[in-house]
Amino acid sequence: MIDTLTINTTLTSHSRLAEIDFDHLQFGKIFSDHMFMADYEGGEWKNFQILPYGPIPMSPAISALHYGQAIFEGMKAYRLHDGNISVFRADKNFERFNISAARMAMPTIPEEIFMQGIAALIQTDAAWIPTGENTSLYLRPVMFATDTSLGVRASDTYKFVVLATPAGPYYNKALKVKIETHFTRANQGGVGYAKTAGNYARSLHPFSEAQKEGFDQLIWTDAQTHQYVEESGAANLMFVIDGKIVTAATGDTILNGVTRRTIIELAEKNGIVVEERKVSIAEIIAGIQSGALTEAFAVGTAATVTQIGEIGYEQKLYTLNPVENRTISIKLASQLNEIRYGLVPDEFGWNWIL
Ligand SMILES: Cc1ncc(COP(=O)(O)O)c(C=O)c1O
């Protein structure tokens, strides 16, 4: 039995909704009128509130800024075909948030706070859910350490905040990606499987170097040998080789993506074989050359299903099968969309209807 949370609500006196150009949404640039916030102090979560989105006063000594105890999640709320509001597989994001918290020596958060905080924010800012094609309200729960102390140890106090930002498609073209064989995103025994700020911080320099070379994204490889594909900057990767979907098995260096799991479950329902295993670069390159590799795509909440058009590896650029010939990923992406927007019955129970 989940307790009902008592949430203090302070509504904004000036909504910014009328100022937003919903036809030209840039990812994560504008935030809805309100946010949800809670504090962890004295070993418990308290001060549940919905308040106007805006700055929160904080000391420059808070330990999140110095030692990086910060974790987050990302999920999407949709306006369904029948007018209801749904959040896609939020239970999975809740589970992963607490997996990240445990790894970063942060307190876990009870389900009622995570879920009811999110529900309260969406209900308050329901008018911010865009209704255009491929749009959604992206939700960003974040937890960070707030002790004002420079001693290196886990903080005793934290803030949990949920932000909402209306979102259109993250990418609108097939990507040119570079297989990264020098820098690494994650290593064994590290924090790669946690959705923690530092994983993204360490990826930014290699990413901007790749952008200078004309690439849109990186494919990370394993830290020890750089011979095996791991994932992309903000999405997991899938390949279709000999008609089967092949994707890197998750472990401590790869984020266990909700979209990855969803596509695997959809593929299996369609009778498509999925192999979760080590995927070598040699296999990818040989597959492109022989024609056995017919599709490559990135899967993630923000990216949804994004096609990969070209792969750069060791100064060579490989052009993949044209997107219009990619039957498997196109079919699965469209089935996923139909469920997310309530165009077909949700037989998997993935939509959390508010
Ligand atoms: C590093 C990384 N890998 C994979 C994913 C995809 O995960 P999900 O499908 O849960 O959004 C994300 C995005 O959340 C990510 O940041």
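**Exercise 1.** Which residue in β3 stands opposite Thr 9? Place it within the strand pairing of this predicted model.

*Solution.* Step 1: Thr 9 stands opposite Ile 50 in β3. Step 2: strand β1, residues 8-9, pairs with strand β3, residues 44-52, in the parallel sense, and two bridges join them. Step 3: β3 also pairs with strand β2 (residues 34-41), here in the antiparallel sense and over seven bridges. Step 4: in that pairing, Met 35 has Leu 51 of β3 as its bridge partner. Step 5: the hairpin of β2 and β3 has two residues between the strands, and Gly 42 there takes a positive phi near 60°.

**Exercise 2.** Find which residues touch the most other members of the largest nonpolar core, and list the contacts of Leu 139.

*Solution.* Step 1: this core holds 49 residues, and those touching the most other members are Phe 36, Trp 45, Phe 114, Leu 139, Met 143 and Phe 160. Step 2: helix α3 (residues 111-124) gives the most to the core, namely seven residues. Step 3: with neighbours within four places in sequence left aside, Leu 139 contacts Glu 73, Gly 74, Met 75, Lys 76, Ala 77, Val 87, Ile 118, Ile 122, Leu 163 and Ala 164. Step 4: another core, of 25 residues, lies apart from the largest one and includes Ile 219, Val 246, Ala 292 and Ala 303.

**Exercise 3.** Decide whether Val 152 is buried or exposed, and locate it.

*Solution.* Step 1: Val 152 is found in the loop between β7 (136-145) and β8 (158-167). Step 2: its relative accessible area is 69%. Step 3: exposed means over 50%, so Val 152 is exposed. Step 4: together with Tyr 67 and Leu 150, Val 152 forms a nonpolar surface patch with about 330 Å² of accessible area.

Conventions. Residues are numbered from 1 along each chain as its sequence is written. This is a predicted model: local features need pLDDT of at least 70, side-chain atom pairs count only at pLDDT 80 or more; totals for chains, interfaces and linings use all residues. Side-chain values use heavy atoms; hydrogens and water are left out. Two strands pair if DSSP finds at least two bridges between them. Helices (H or I, at least four residues) and strands (E, at least two) are DSSP runs, numbered from the N terminus. A nonpolar core is a set of buried Ala, Val, Leu, Ile, Met, Phe, Trp, Tyr and Cys residues joined through side-chain atoms within 4.5 Å. Buried means under 20% relative accessible area, exposed over 50%, partly exposed in between (1.4 Å probe, protein chains only). Contact means heavy atoms within 4.5 Å. Patches are made of residues with over 30% relative accessible area and no salt bridge: like charges are joined within 9 Å, nonpolar side chains (Val, Leu, Ile, Met, Phe, Trp, Tyr) within 5 Å. Accessible areas come from the Shrake-Rupley method with a 1.4 Å probe; for residues, only the protein chains shown count as cover. A salt bridge is a side-chain nitrogen of Lys or Arg within 4 Å of a carboxyl oxygen of Asp or Glu.
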